Number of protein chains: 2
Amino acid sequence: MARTAAALIIGNELLSGKTQESNLKNLALLLRRLGVQLRRVVMVLDEVETIAAEVSGLSASHDFVFTSGGVGPTHDDVTIEAVAQAFGAEITTLPELEAMIRSYYGDRTTEGHLRMALAPAGALLHASEQVRWPITVMRNVWVLPGIPEVFEMKLSIIEGVLGADAPFLSRAVFTNMDEGALKPLLDAVVAAFPDVDVGSYPTWSEPSYRTKLTFDGKDAARLDSAVEAFVATLPEGEPQRLA
Amino acid sequence: MARTAAALIIGNELLSGKTQESNLKNLALLLRRLGVQLRRVVMVLDEVETIAAEVSGLSASHDFVFTSGGVGPTHDDVTIEAVAQAFGAEITTLPELEAMIRSYYGDRTTEGHLRMALAPAGALLHASEQVRWPITVMRNVWVLPGIPEVFEMKLSIIEGVLGADAPFLSRAVFTNMDEGALKPLLDAVVAAFPDVDVGSYPTWSEPSYRTKLTFDGKDAARLDSAVEAFVATLPEGEPQRLA
């Protein structure tokens with residue numbers, strides 16, 4: 001069984017439509033590469049109780065939880081408090097973080113900045129050669145900032161610590177058939193390859209094809225066999241493209 | 001109290017990072033305009049049991065639930081089955097939908113196409129003058145397709161049926177101050193305006209400002225007062241911009 005993960009995406013700005021969420025896709029692609037199955041994403045408001053309940057539930061049911069957002073100096077940054085509450089932990093100042101903050105801000109350091117040195121008691125810090133500012137990790141919960149540039153930068157730390165299982169692989173077939181006509185052909189390949197995850201995605205905006213079929217799994221040979229078996233059942237002139 | 005909503009976004013392609021989710025923001029903006037608070041978004045795989053459990057929970061705890069994806073003819077389209085299961089309802093063919101499908105596909109109509117006429121027994125159909133293909137609604141659960149162009153088109157039906165309460169409004173202030181320096185000023189305005197939702201969003205990519213502050217709520221006069229009170233506490237030369 002593949003290791004499992006959940007993501008908890010935090011921020012009023014996402015649920016109000018002010019901001020387009022953009023961290024999830026990068027996290028999802030990294031996890032696939034590491035062979036970890038992202039099974040669930042939850043997006044919630046900046047509310048301590050809501051976040052704490054979610055952290056508690058997701059942490060118990062997945063190998064890893066990655067949070068995005070709510071980390072920073074201001075009143076709406078409540079993720080650390082919520083993670084501490086989820087595990088019944090005190091909140092403490094991590095001297096290593098405090099030193100980094102004081103060194104970065106120097107004389108301009110405020111009480112606000114120092115809030116970023118807070119962590120649930122028992123949390124660990126993970127950093128890397130390339131990314132010195134660490135990620136705070138409480139049990140299996142990785143607390144990441146919501147700012148997309150910073151979130152993305154920190155993904156390499158996750159990659160280093162989690163290490164790679166066999167990655168998930170994907171093949172795609174593009175056709176001009178619609179899903180109604182494809183259904184019996186897909187049912188046949190799904191029945192013959194229960195270990196391959198077959199997806200069907202119609203498009204309304206792409207002129208070059210009508211439906212994209214995907215074949216996902218960890219065994220390249222099985223994926224290739226499934227694609228071959230499926231393509232053999234297509235009418236003349238199909239598929240339009242393989243990828 | 002504002003009416004509440006949750007969104008359930010369904011599809012392996014989103015959790016694997018193959019596709020960037022793009023329906024949520026449009027739904028969120030519409031709900032704000034209608035004065036409905038979107039409180040929670042959950043993204044899950046194409047799994048009947050998972051979707052059914054989620055529909056059941058979200059439906060009980062929110063006024064409206066909007067699902068996106070998993071509607072169509074193929075094996076990975078399981079949303080209707082899951083919604084039926086969530087409410088302990090049978091699945092039935094809606095004659096009105098069947099007639100539309102037969103009229104659209106004519107002689108090319110397949111068993112696959114006709115799967116799109118299935119609905120949980122007791123579901124209603126909502127359409128509008130402009131958008132004739134209806135949305136299937138089971139109790140308070142609105143079942144929308146995942147294809148972005150179709151999802152967006154159907155939003156006008158939701159608008160027509162839900163009607164508008166007082167919309168949520170937003171004001172923004174852009175500054176070159178960082179959050180550490182802003183924190184005491186924000187704490188003051190948050191304390192003085194507990195009915196205004198104040199957000200603070202630092203940016204790393206925008207050259208024109210460092211932190212965006214937002215002031216959200218339903219009472220325009222209170223928002224304006226909060227902005228005025230906050231701006232009065234800023235040092236000379238700030239803010240960079242109001243919006």
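What follows is a chat about how the two chains of this predicted model fit together and what stands out within them.

Reader: Hi! Let's start with the overall arrangement. What turn lays chain A on chain B?

Author: Hello! A turn of 180 degrees does it, with a shift of 0.0 Å along the axis and an RMSD of 0.0 Å. That is the relation of a two-fold axis.

Reader: And do both copies use the same surface or different ones?

Author: The same surface serves both copies, as 98% of the contact residues of chain A recur in chain B.

Reader: Nice. Which residue of chain A comes closest to the rotation axis?

Author: That would be A:V42, whose C-alpha lies 2.3 Å from the axis.

Reader: How many residues are in contact between chain A and chain B?

Author: On the chain A side there are 62, and they are in contact with 61 residues of chain B.

Reader: OK, and how much area do the two chains bury between them?

Author: About 5,000 Å², with 53% of it on carbon and sulfur atoms. Three residues, A:K18, A:H75 and A:W204, supply 13% of the area that chain A buries against chain B, which is more than any other three residues.

Reader: Let's talk charges. How many salt bridges are there between chain A and chain B?

Author: The count is 6. One pair that meets across the interface is A:E47 with B:R39, whose side chains form a salt bridge at 2.8 Å, N to O.

Reader: How many residue pairs are in polar contact across that interface?

Author: There are 28 such pairs between chain A and chain B, counting pairs with both residues at pLDDT 80 or more.

Reader: Which element gives the largest share of the side of chain A that touches chain B?

Author: Strand β2 of chain A, residues 37-44, with 8 residues. By class, the side of chain A that touches chain B has 23 nonpolar, 19 polar and 20 charged residues.

Reader: Back to β2 for a second. In what sense does β2(A) pair with strand β2 of chain B?

Author: Antiparallel, over 5 bridges; the strand in chain B covers residues 36-44. To put a pair of residues on that, A:V41 has B:M43 as its bridge partner in β2(B).

Reader: Good, I can find that. Now for a sheet inside chain A: in what order do the strands of the 4-stranded open sheet come?

Author: The order is β10-β11-β9-β12, and the pairing is antiparallel. At the edges stand β10 (197-202) and β12 (241-242) of chain A, each with a single partner strand, so one side of each is left without a neighbour in the sheet.

Reader: How many bridges hold β9 and β11 of chain A as a pair?

Author: They pair over 7 bridges in the antiparallel sense, β9 being residues 169-175 and β11 residues 211-217. Among the bridge partners are A:T175 and, in β11(A), A:T211.

Reader: Changing topic: where are the cis peptide bonds you'd point me to?

Author: In chain A, the bond from A:E238 to A:P239 is cis, with omega near -5 degrees. A:P239 sits in the loop between α9 (220-232) and β12 of chain A. In chain B, a cis bond joins B:E238 and B:P239, and omega is about -10 degrees. B:P239 is in the loop between α9 (220-232) and β12 (241-242) of chain B.

Reader: What about the backbone at A:R139?

Author: A:R139 has a positive phi of about 50 degrees, although it is not a glycine. You'll find A:R139 in the loop between β7 (135-138) and β8 (141-144) of chain A.

Reader: Last one. How many salt bridges are there over all chains?

Author: The whole structure has 20. One of the pairs is A:D195 with A:R222, meeting at 2.8 Å, N to O. That pair links distant parts of the chain, 27 residues apart: A:D195 is in the loop between α8 (179-192) and β10 of chain A, while A:R222 is in helix α9 of chain A.

Key: Residues numbered from 1 in each chain as written. Chains lettered and ligands numbered in written order. Predicted model: local features only at pLDDT ≥ 70, side-chain atom pairs only at ≥ 80, totals over all residues. Heavy atoms only, no water. Least-squares fit on C-alpha atoms with pLDDT ≥ 70 in both. Contact = heavy atoms within 4.5 Å. Buried area = accessible area lost by both parts, 1.4 Å probe. Salt bridge = Lys/Arg side-chain N within 4 Å of Asp/Glu carboxyl O. Polar contact = N/O pair within 3.5 Å; in protein donor to acceptor, adjacent residues only side chain to side chain. Helix = DSSP H or I, 4+ residues; strand = E, 2+ residues; numbered from the N terminus. Nonpolar A, V, L, I, M, F, W, Y, C, P; charged D, E, K, R; others polar. Pairing = 2+ DSSP bridges.
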